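This report goes through one predicted model. It moves from the overall make-up to the strands, the nonpolar cores and the charged pairs.

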Amino acid sequence: MVAVCRVEELPPGESTRVWADVAVAVFNADGEFYAVDDTCTHQDASLSEGFLEGCFVECPLHAAFFDLRTGMPTCLPAKRPVRTHPVTIEDGVIHVHVTANTSQQSENAQEQEAVA
Ligand code: FES
């Protein structure tokens with residue numbers, strides 16, 4: 001579990017990035033908090049620098065959209081989901097509970113090695 005910031009420090013429509021074994025993007029989508037892996041599954045863009053629309057984030061590099069509730073891309077060029085992570089609020093502080101599944105990271109690493 002990683003502490004992100006106080007609730008009032010991440011107002012609706014804003015995002016931030018924390019390090020929790022991997023970079024994690026945390027969003028306040030109209031009062032609902034979501035956390036996903038920060039790195040877009042298409043290339044290496046930071047989703048925390050993307051554009052939040054409701055509970056969707058648009059990648060800042062090639063405009064793929066991801067559903068923050070599921071991590072699924074809703075349009076190309078991204079084809080694979082980003083991992084989602086549970087978020088809790090404790091004593092006014094946002095916490096991210098990073099998902100242990102690393103199979104997706106292994107796939108990403110293998111693809112990057114294949115491209116290199
Ligand atoms: S890096 Fe995100 S859509 Fe290309």
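The following paragraphs describe the chain, its central strands, its cores and its salt bridges.

This is a predicted model, in which local features need pLDDT of at least 70 and side-chain atom pairs count only at pLDDT 80 or more, while totals for chains, interfaces and linings use all residues. Residues are numbered from 1 along each chain as its sequence is written, and side-chain values use heavy atoms, with hydrogens and water left out.

## Overall make-up

The chain has 10 strands and one helix; helices (H or I, at least four residues) and strands (E, at least two) are DSSP runs, numbered from the N terminus. Read from the N terminus, the order of elements is β-β-β-β-β-β-β-β-β-β-α. Of its 116 residues, 41% are buried, where buried means under 20% relative accessible area, exposed means over 50%, and partly exposed lies in between (1.4 Å probe, protein chains only). About 6,300 Å² of the chain is exposed, and carbon and sulfur atoms supply 51% of that area; accessible areas come from the Shrake-Rupley method with a 1.4 Å probe, and for residues only the protein chains shown count as cover. Contacts are defined by heavy atoms within 4.5 Å. Among contacts between residues at least 6 apart in sequence, 36% join residues at least 24 apart.

## Strands E3, E4 and E8

Five of the six residues of E4 are buried, so this strand is largely enclosed by the rest of the structure. Strand E4 pairs with E3 in the antiparallel sense over six bridges; two strands pair if DSSP finds at least two bridges between them. E3 and E4 form a hairpin with two residues between them, and Asp30 in the turn has a positive phi of about 55°. E4 also pairs with E8, again in the antiparallel sense, over two bridges. Val36 of E4 takes part in both pairings: Ala25 stands opposite Val36, and Thr84 in E8 is a bridge partner of Val36.

Asn28 belongs to strand E3 (residues 22–29). Asn28 is buried, with a relative accessible area of 4%. Leaving aside residues up to four places away in sequence, Asn28 touches Leu10, Pro11, Pro12, Gly13, Glu14, Phe33 and Leu52.

## Nonpolar cores

A nonpolar core is a set of buried Ala, Val, Leu, Ile, Met, Phe, Trp, Tyr and Cys residues joined through side-chain atoms within 4.5 Å. The largest nonpolar core has 16 residues, of which Phe27, Val36, Cys40, Leu47, Cys59, Phe66 and Leu68 touch the most other members. E3 and E4 each supply at least two residues of this core, and E3 gives the most, with three residues. Cys59 touches Cys40, Ala45, Leu47 and Ala64, not counting residues up to four places away in sequence. A second, separate core has 12 residues, including Leu10, Val22, Val26 and Phe33.

## Salt bridges

Side chains of opposite charge can pair when their charged atoms come close. A salt bridge is a side-chain nitrogen of Lys or Arg within 4 Å of a carboxyl oxygen of Asp or Glu. By this rule the count is five. The table gives pairs from among them, with the distance between the closest N and O atoms.

| Acidic residue | Basic residue | N to O distance |
|---|---|---|
| Asp38 | Arg17 | 3.3 Å |
| Asp37 | Arg83 | 2.8 Å |
| Asp67 | Arg69 | 2.9 Å |

Where do the partners Asp38 and Arg17 lie? Asp38 sits in the loop between strand E4 (32–37) and strand E5 (51–53) and Arg17 in strand E2 (residues 15–20), so the pair ties together parts that are 21 residues apart in sequence. Asp38 is buried, at 2% relative accessible area, whereas Arg17 is partly exposed at 43%.

The side chains of Asp37 and Arg83 also meet in a salt bridge. Asp37 lies in strand E4 and Arg83 in the loop between strand E7 (65–67) and strand E8 (84–85), so this pair ties together parts that are 46 residues apart in sequence. Asp37 is buried at 9% relative accessibility, and Arg83 is buried at 7%.

In the salt bridge of Arg69 with Asp67, Arg69 is partly exposed at 47% relative accessibility, while Asp67 is buried at 9%. Salt bridges that share partners also join Arg17, Asp38 and Glu49 into one network.
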